[in-house]
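Me: I would appreciate a close look at a single part of this model, set out in formal terms. Please begin with one strand and follow its connections outward to the charged side chains elsewhere.

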Amino acid sequence: MTIDLDEIIDAIQGGTSRIEYYLNTRSGEIIMRDDTLPPRELNDIDDEIDKYYDSLILMPNSRDAGEVRMMRQFTWDLPEGQAKEALEAALNSGKGLYRRFKTVLKNYNLENMWYEYEDDQYVQFAREWCEANEIAFEEVPKIVYRHATRRDVEQLIALKKKELGVEDDSLDFELNRYFSAQLRNGALYQIVAWWKNKIVATGGIAWVFTPPTVEQPDGRIGFLCNFWIEEELKGRGYEQEIIQRLLEESRRRKLPVVRAYGMTQDLMEQTGFVKEDDVYRTVLKLK
């Protein structure tokens with residue numbers, strides 16, 4: 001039995017003095033027992049716990065994981081300044097500590113930094129708990145996809161530079177002009193994949209005008225471009241997912257012909273492209 005580590009983390013974070021989670025070490029099922037449930041539902045859960053008692057482990061909760069300690073450590077690690085002072089005041093204020101802490105994070109634009117730090121801490125705690133209890137686990141990244149907007153231009157510039165292997169700012173001006181203009185006029189549709197509060201993969205499709213043909217009367221053709229993915233996520237199907245989403249957008253715009261340069265053969269073949277000379281090409285069936 002192998003369980004997704006994210007399921008363990010969700011249970012730990014959701015556990016309180018009133019809500020308990022039990023892991024069935026044989027089936028991998030997680031049982032939640034909430035004191036506030038109606039008596040009939042609570043009795044059914046208690047019967048299930050009694051039935052599988054020998055296979056169940058009571059899971060730790062957020063207090064066991066040391067959530068307050070995480071908040072204090074996060075604050076201590078910040079550089080000296082107003083944000084650190086405000087967080088220290090929130091943590092020493094007694095009742096309402098969590099609410100005040102989150103308010104200060106928002107006021108100083110530290111929410112993403114905190115959530116990434118908190119996520120790392122919970123992952124480490126969950127790993128250690130699983131290992132101590134001899135529970136086999138796997139870490140399956142859960143990625144959220146969305147299309148990029150002009151607010152993402154700076155991040156897209158940084159990702160394009162990673163793709164190109166450029167470390168200085170020699171292309172920043174031109175890349176800024178490119179992404180700003182193309183996103184504004186709709187000639188570029190870029191997808192970004194988020195995991196752990198950061199972009200870990202991206203890919204785009206740019207539409208260009210070519211001389212009209214019988215196959216494409218208005219002359220518009222799509223080109224896959226701006227692909228980059230974190231090394232640790234390669235080969236897990238996320239690039240294919242981005243391409244499928246880009247092709248669906250091309251269908252939505254009634255543009256059937258899509259081409260790609262410089263993409264790997266395996267990736268292109270897996271997503272329905274055929275090589276013609278030095279170009280990969282696919283023709284989509286429009287709805």
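Reply: The account begins with Arg220, which is found in strand 9. The model is a predicted one. Arg220 counts as partly exposed, because its relative accessibility is 26%. In space, the C-alpha of Arg220 lies 8.1 Å from the C-alpha of Val257, although 37 residues separate Arg220 and Val257 in sequence.

Strand 9 comprises residues 220-229, and Asn226 is part of it. With a relative accessible area of 6%, Asn226 is buried; the cut-off for that class is under 20%. The backbone of Asn226 deserves attention: its phi is near 55 degrees, a positive value in a residue other than glycine. For context, most residues other than glycine have a negative phi. A positive phi also appears at Lys254, where the angle is near 60 degrees. Lys254 belongs to the loop that runs between helix 10 (238-252) and strand 10 (257-260). At 47% relative accessibility, Lys254 is classed as partly exposed, whereas Asn226 is buried.

Asn226 also leads to helix 8. Its C-alpha is 9.4 Å from that of Leu164, and the two residues are 62 positions apart in sequence. Leu164 is located in helix 8, which covers residues 153-164. Leu164 is partly exposed, since its relative accessibility is 44%.

Helix 8 also holds a charged pair. A salt bridge joins the side chains of Glu163 and Lys160, with an N to O distance of 3.2 Å. Glu163 and Lys160 are separated by about one helical turn, because they stand 3 residues apart in helix 8. The two partners fall into separate accessibility classes: Glu163 is partly exposed at 33%, and Lys160 is buried at 16%. In general terms, side chains of opposite charge can pair when their charged atoms come close.

A comparable spacing is found in helix 9, residues 172-185, where Glu174 and Arg177 lie 3 residues apart, about one turn of the helix. The side chains of Glu174 and Arg177 form a salt bridge at 2.7 Å, N to O. Glu174 is partly exposed, as its relative accessibility of 39% indicates.

A further salt bridge connects Asp152 with Arg146 through their side chains, at 2.8 Å from N to O. Here the acidic partner is the buried one: Asp152 has a relative accessible area of 5%. Arg146 is partly exposed at 31% relative accessibility. Beyond individual pairs, Arg33, Asp35 and Asp46 are linked in a network of salt bridges. The search of the whole structure finds 14 salt bridges.

Some acidic side chains are grouped with like charges. Glu41, Asp44, Asp47 and Asp50 form a negative surface patch. Residues enter such a patch only with over 30% relative accessible area and no salt bridge. One of the members, Asp50, is situated in helix 2, which spans residues 39-51. Asp50 is exposed, because its relative accessible area is 56% and the cut-off for exposed is over 50%.

Two polar contacts between a side chain and the backbone complete this view. Asp4 sits in strand 1, residues 2-4. The side chain of Asp4 reaches the backbone nitrogen of Asp6 at a distance of 3.0 Å. Asp4 is buried, given a relative accessible area of 12%. The other contact involves Thr282, a residue of strand 12, which runs over residues 279-283. From Thr282, the side chain comes to 3.2 Å from the backbone oxygen of Gly272. Thr282 is buried as well, with a relative accessible area of 9%. In these contacts, therefore, the backbone partner atom is a nitrogen for Asp4 and an oxygen for Thr282, within the 3.5 Å limit used for a polar contact.

To return to the starting point, strand 9 holds both the partly exposed Arg220 and the buried Asn226. Arg220 is paired in space with Val257 at 8.1 Å, while Asn226 is paired with Leu164 at 9.4 Å, C-alpha to C-alpha.

Note on methods: Residues numbered from 1 in each chain as written. Predicted model: local features only at pLDDT ≥ 70, side-chain atom pairs only at ≥ 80, totals over all residues. Heavy atoms only, no water. Patch = residues over 30% accessible without salt bridge, like charges linked within 9 Å, V, L, I, M, F, W, Y side chains within 5 Å. Areas by Shrake-Rupley, 256 points an atom, 1.4 Å probe, with all protein chains shown as cover. Salt bridge = Lys/Arg side-chain N within 4 Å of Asp/Glu carboxyl O. Lys, Arg positive; Asp, Glu negative; His and termini not counted. Charge placed at Lys NZ, Arg CZ, Asp CG, Glu CD. Helix = DSSP H or I, 4+ residues; strand = E, 2+ residues; numbered from the N terminus. Buried < 20%, exposed > 50% of the residue type's maximum accessible area, 1.4 Å probe, protein only. Polar contact = N/O pair within 3.5 Å; in protein donor to acceptor, adjacent residues only side chain to side chain.
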